[in-house]
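Visitor: Could you walk me through this model? I would like to ask about one part at a time.
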Amino acid sequence: MRSALVVGTGLIGTSIALALTRRGIDVHLSDTDEGAARTAASLGAGHTGRPAQPVDLCILAVPPARIGAMLAQAQREEWSRVYTDVGSVKALVHTSAEDAGADLSRFIGGHPLAGRERSGPLAARWDLFEGRPWVLTPGATTSRDALNQALELVSLCGAVPVVMDTDEHDHAVALISHAPHLVAALMAARLEGAREESVRISGTGIRDLTRIAGGAPELWEDILAANAPAIAEVLAAYATDLTAAVDALRAVAGPDAEAAKRGAANLADLLRRGNAGQARIPGKHGTASASYTAVPVLISDRPGELARLFAAAGSVGVNIEDVRIDHSPGREAGLVELLVDPTVSDRLAADLAASGWTVQS
Ligand SMILES: NC(=O)c1ccc[n+]([C@@H]2O[C@H](COP(=O)([O-])OP(=O)(O)OC[C@H]3O[C@@H](n4cnc5c(N)ncnc54)[C@H](O)[C@@H]3O)[C@@H](O)[C@H]2O)c1
Ligand SMILES: O=C(O)C(=O)C[C@]1(C(=O)O)C=C[C@@H](O)C=C1
């Protein structure tokens, strides 16, 4: 691939454009919000405006409900040789593109499973997709050119391609992305009218659980509407467990000793199932997250501390597989958990402590 056009220069479009520009691709940027395209260009993501000649690949990074019609228009006006999209739902994109009269042989659906709870070009990061799954949904008529260009895009962004059909994709994301978003929103909604004294002492638990609830409501309304039946199915099963949890808690606190015992056993079972499910979530590069050990280090809230800590780990030859950071505004110290191979965690903890870092046990 030599040239690309990114339409929709928000979080995802600009992140893709930054990754492609770094790899030497000539990237054109287009957005109905000209300010968004100009901001993306000023970040080094490419240059604004549609190309005079068709590019090699056009990436449609606009909200899901707009993709089908936009693909048909883009093909009529010959913006590119082949096209892909990044929409969070796939069946709707394929059917709306077909309805709009698009040529599906020159299109392949795509969805990078990476993102943030912030929108717009200023939230973009060139390494957003590094090591993340990127689903491609070729159809019966998808051309070899479209598939190859999309595979090259995924590779240039450092992501891992996963081929699925549209329905399989939409059922999977209902479980691992869309229903979790609603659960986070519902839990965060409990805080809206809560007493300030309660919200003030929030720790990392509620932050971790509700981070994604900060996502743009307009985008998520679109996503939820486009995948509603599959999401409702996941949430109905969740509601059954939720009712069981409420019943168990009431029984535990009630006067009937036998019912309290059963309630406690039911709660234990729900918690055990939670552990089992959580352990199945892959870590970076698709490896099991449970295969890493966390080394917790206290750092002071000063610019450059994190870089100094990473350099310290690097200087003793330890590869950091992942990192979790407790950002508590206003605190003078933060807790950073370095996730590393279990065989090197004790050595890393000892080496860091010996060079003056506060490592928690
Ligand atoms: N946010 C995430 O975490 C995430 C992750 C993966 C995929 N996606 C998908 O990526 C796509 C973009 O999401 P985002 O988070 O980057 O949103 P965003 O709001 O940050 O950016 C969307 C951009 O599209 C522009 N736009 C809207 N309609 C347009 C049109 N008709 N022509 C040109 N530009 C138009 C908007 O002005 C905006 O700049 C969506 O389809 C979403 O489902 C999002
Ligand atoms: O990390 C986040 O903030 C996200 O919500 C990213 C996330 C996800 O659910 O994993 C959200 C929607 C996208 O379609 C893909 C990725």
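**Helices, sheet and ligand**

Guide: Helix 10 (228–253) is among the parts that cover the buried residues of helix 11, and please keep in mind as we go that this is a predicted model.

Visitor: Which residues of helix 11 are buried?
Guide: The buried residues of helix 11 are Ala259, Ala260 and Gly263.

Visitor: And how many residues does helix 11 have?
Guide: Helix 11 covers residues 257–279, which makes 23 residues, and from its first C-alpha to its last it reaches 33 Å, close to the 33 Å expected at 1.5 Å a residue.

Visitor: What happens at the start of helix 11?
Guide: There, a side-chain oxygen of aspartate 256 comes to within 3.0 Å of the backbone nitrogen of glutamate 258.

Visitor: Let's switch to the sheet. What is the order of its strands?
Guide: It is an open sheet of 8 strands with mixed pairing, and the order is 3-2-1-4-5-6-7-8. Strand 3 and strand 8 (160–163) stand at the edges and have a single partner strand each, so one side of each is left without a neighbour in the sheet.

Visitor: How many bridges join strand 1 to strand 2?
Guide: Strand 1 (residues 3–7) and strand 2 run parallel and are joined by 5 bridges, and within this pairing alanine 4 has valine 27 of strand 2 as its bridge partner. Between these two strands the chain passes through helix 1 (residues 11–22), in a β-α-β crossover that is right-handed.

Visitor: Is strand 2 mostly covered or mostly exposed?
Guide: Strand 2 (residues 26–30) is mostly covered, since 4 of its 5 residues are buried.

Visitor: What about strand 2 and strand 3, in which sense do they pair?
Guide: Strand 2 pairs with strand 3 (residues 47–48) in the parallel sense, over 2 bridges, and histidine 28 stands opposite histidine 47 in strand 3. To get from strand 2 to strand 3 the chain goes through helix 2 (residues 34–42), and this β-α-β crossover is right-handed.

Visitor: And how many bridges are there between strand 4 and strand 5?
Guide: Strand 4 (residues 55–60) and strand 5 (residues 80–85) pair over 5 bridges in the parallel sense, with valine 55 standing opposite serine 80 of strand 5.

Visitor: New topic, the ligand. Which residues are closest to ligand 1?
Guide: Ligand 1 is surrounded by 27 residues, and the closest are Asp31, Val62, Arg66, Ser88 and Gly120. If we look at single atoms, a backbone N or O atom of valine 62 lies 2.7 Å from an oxygen atom of ligand 1, and for glycine 120 a backbone N or O atom lies 2.7 Å from an oxygen atom of the ligand. A polar backbone atom of isoleucine 12 is 2.9 Å from an oxygen atom of ligand 1.

Visitor: Is histidine 169 buried or exposed?
Guide: Histidine 169 has a relative accessible area of 0%, so this residue counts as buried, and histidine 169 lies in helix 6 (residues 166–189).

Visitor: What is histidine 169 in contact with?
Guide: Leaving aside its neighbours within four places in sequence, histidine 169 is in contact with Ser88, Val89, Lys90, His111, Val135, Thr137 and Met164.

Visitor: Last one, why does arginine 207 count as partly exposed?
Guide: Arginine 207, which lies in helix 8 (residues 204–210), counts as partly exposed because its relative accessibility is 34%, and partly exposed is the range between under 20% and over 50%.

How values were computed: Residues numbered from 1 in each chain as written. Chains lettered and ligands numbered in written order. Predicted model: local features only at pLDDT ≥ 70, side-chain atom pairs only at ≥ 80, totals over all residues. Heavy atoms only, no water. Buried < 20%, exposed > 50% of the residue type's maximum accessible area, 1.4 Å probe, protein only. Pairing = 2+ DSSP bridges. Right-handed = clockwise from strand over helix to strand, strands pointing away. Expected span 1.5 Å × (residues − 1). Contact = heavy atoms within 4.5 Å. Polar contact = N/O pair within 3.5 Å; in protein donor to acceptor, adjacent residues only side chain to side chain. Near = heavy atom within 4 Å.
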